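Here's a quick briefing to read with the structure open beside you. Take it topic by topic and find each piece as you go.

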Number of protein chains: 2
Amino acid sequence: MLNQSTTLDLTFQALADPARRAMLERLSTGPASVSELARPFSMSMPAVLQHLAVLETAGLTLSRKSGRVRTCEINPQALSTAQDWLAARRAEWEHRLDRLEAYLIELQNKDQGNG
Amino acid sequence: MLNQSTTLDLTFQALADPARRAMLERLSTGPASVSELARPFSMSMPAVLQHLAVLETAGLTLSRKSGRVRTCEINPQALSTAQDWLAARRAEWEHRLDRLEAYLIELQNKDQGNG
DNA sequence: TCTACAGTTAAGCAAATGCTTAACCAATCA
DNA sequence: TGATTGGTTAAGCATTTGCTTAACTGTAGA
């Protein structure tokens, strides 16, 4: 098991490329072979393989080879680490904004009391 | 307004670096100056500036300069684009798994009927 | 068996990243 | 006014990334 920081590095890095996100979008509707994943792109096969390796290393996809066909699919546990991190950041600053708002309302009420 | 793909590229790319994530974590608890953000790192000032530029270009942070101090803060609208994309992917393949499960249960019931 | 298909490996290259040092500007403060 | 603080710019450099072409392996079908 890799540490949290490295997992996030690999995950966000993998998601930072439009070709890799397109592949993930395709895979999120069901498994696909390497050449099926390659089809929408005007990119050499080795380039596609490299993108798939990035996704798999990040733990976002899984693949198995049967005969001469390699079938790729989404790793069901994936994405959640990234989602969790984003949700945590969001929760923190929303909490802060809530407190700020509460403080400003409190100030306003005091002002009215003094007016 | 940039197109969706470019926004996602910049956002995920920005989030792919542990130093930038640490800065965002700090900022999610409230605004901070550049040198305050730099303090936890053994990194030159220009390096910190570059990380902050990446965050700001991705729209994840905002900053304003007053006197000689630049104050940075989270851009409240940020993160949501990334979160939305992740949530959509997740919804798609969970939907697919649900259908697969339903199909398998159906098969099982038919088998029992035939047994 | 021979041929085509699906995938893989290796080598190389241009551009992008993440960092450094050095020099510099502008706002405070003694 | 002169030193210090906070930030900025420019230039350079090693590494990584994303791609290419060329050569190759293993499987399947005629």
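Start with the sheet in chain A: it is open, has three strands in the order β1-β3-β2, and pairs them antiparallel. Keep in mind that this is a predicted model. From there we'll move to chain B, then to how the two chains relate, and finally to the two DNA strands.

**The sheet in chain A**

- At the edges sit β1 (32-33) and β2 (61-66) of chain A, and each of these strands pairs on one side only.
- Two bridges link β1(A) to β3 (residues 69-74) of chain A, and these strands run antiparallel.
- If you want a spot to look at, A:A32 has A:C72 in β3(A) as its bridge partner.
- Helix α2 (residues 18-27) of chain A packs on the sheet and touches β1, β2 and β3 of chain A. The direction of this helix makes about 90° with that of β3(A).
- Helix α4 (residues 45-57) of chain A packs on the sheet too, touching β2 and β3 of chain A, and its direction makes about 120° with that of β2(A).
- On the other side of β3(A)'s pairing story, six bridges join β2(A) to β3(A), again antiparallel.
- Within that pair, A:S66 stands opposite A:V69 in β3(A).
- β2(A) and β3(A) make a hairpin with two residues between the strands, where A:G67 takes a positive phi near 65°.

**The sheet in chain B**

- Chain B has an open sheet of three strands as well, ordered β1-β3-β2 with antiparallel pairing.
- Why do β1 (32-33) and β2 of chain B each have one side without a neighbour in the sheet? They stand at the edges with a single partner strand each, so one side of each is left free of a sheet neighbour.
- Strand β2 (residues 61-66) of chain B is joined to β3(B) by six bridges, and the two run antiparallel.
- Two pairs to find here: B:L62 stands opposite B:E73 in β3(B), and B:S63 stands opposite B:C72 in β3(B).
- Helix α2 (residues 18-27) of chain B packs on the sheet, touching β1, β2 and β3 of chain B, with its direction at about 90° to that of β3(B).
- Next, α4(B) packs on the sheet by touching β2 and β3 of chain B, and its direction makes about 120° with that of β2(B).
- The hairpin of β2(B) and β3(B) has two residues between its strands, and B:G67 in the turn has a positive phi of about 65°.

**How the two chains relate**

- What turn lays chain B on chain A? A turn of 180° with a shift of 0.0 Å along the axis does it, giving an RMSD of 0.1 Å.
- The two copies are therefore related as by a two-fold rotation axis.
- To find the axis from chain B, look for B:F12: its C-alpha is the nearest to the axis in that chain, at 2.6 Å.
- The copies meet through the same surface, because 100% of the interface residues of chain B are also interface residues in chain A.

**Around DNA strand C**

- Of the 20 residues around DNA strand C, the nearest are A:S35, A:R68, A:R70, B:S44 and B:H51.
- Sugar and phosphate make up 64% of the atoms of DNA strand C that come within 4 Å of the protein.
- A polar side-chain atom of A:R68 is 2.7 Å from a base oxygen of DNA strand C, while one from B:R68 lies 3.0 Å from a base nitrogen of that strand.
- α4(B) gives the most to the surface near DNA strand C, with four residues.

**Around DNA strand D**

- DNA strand D is surrounded by 20 residues, with A:S44, A:H51, B:S35, B:R68 and B:R70 the closest.
- Here sugar and phosphate account for 63% of the strand D atoms within 4 Å of the protein.
- Two side chains come up to phosphate oxygens of DNA strand D: A:R20 has a polar side-chain atom at 3.1 Å, and B:R70 has a side-chain N or O atom at 2.5 Å.
- For a base contact, look at A:Q50, where a side-chain N or O atom is 3.3 Å from a base nitrogen of DNA strand D.
- Which element supplies the largest share of the surface near DNA strand D? That is α4(A), with four residues.
- By class, the surface near DNA strand D has eight nonpolar, six polar and six charged residues.

Technical notes
Residues are numbered from 1 along each chain as its sequence is written. Chains are lettered from A and ligands numbered from 1 in the order in which they are written. This is a predicted model: local features need pLDDT of at least 70, side-chain atom pairs count only at pLDDT 80 or more; totals for chains, interfaces and linings use all residues. Side-chain values use heavy atoms; hydrogens and water are left out. Two strands pair if DSSP finds at least two bridges between them. Contact means heavy atoms within 4.5 Å. Axes are lines fitted to C-alpha atoms, for helices over the stretch in contact, and angles run from 0 to 180 degrees between N-to-C directions. A residue is near a molecule or strand if one of its heavy atoms lies within 4 Å of it. A polar contact is a pair of N or O atoms within 3.5 Å; within protein, one must be able to donate a hydrogen and the other to accept it, and residues adjacent in sequence count only if both atoms are side-chain atoms. Ala, Val, Leu, Ile, Met, Phe, Trp, Tyr, Cys and Pro count as nonpolar, Asp, Glu, Lys and Arg as charged, and the others, Gly among them, as polar. Copies are superposed by least squares on the C-alpha atoms of residues with pLDDT of at least 70 in both.
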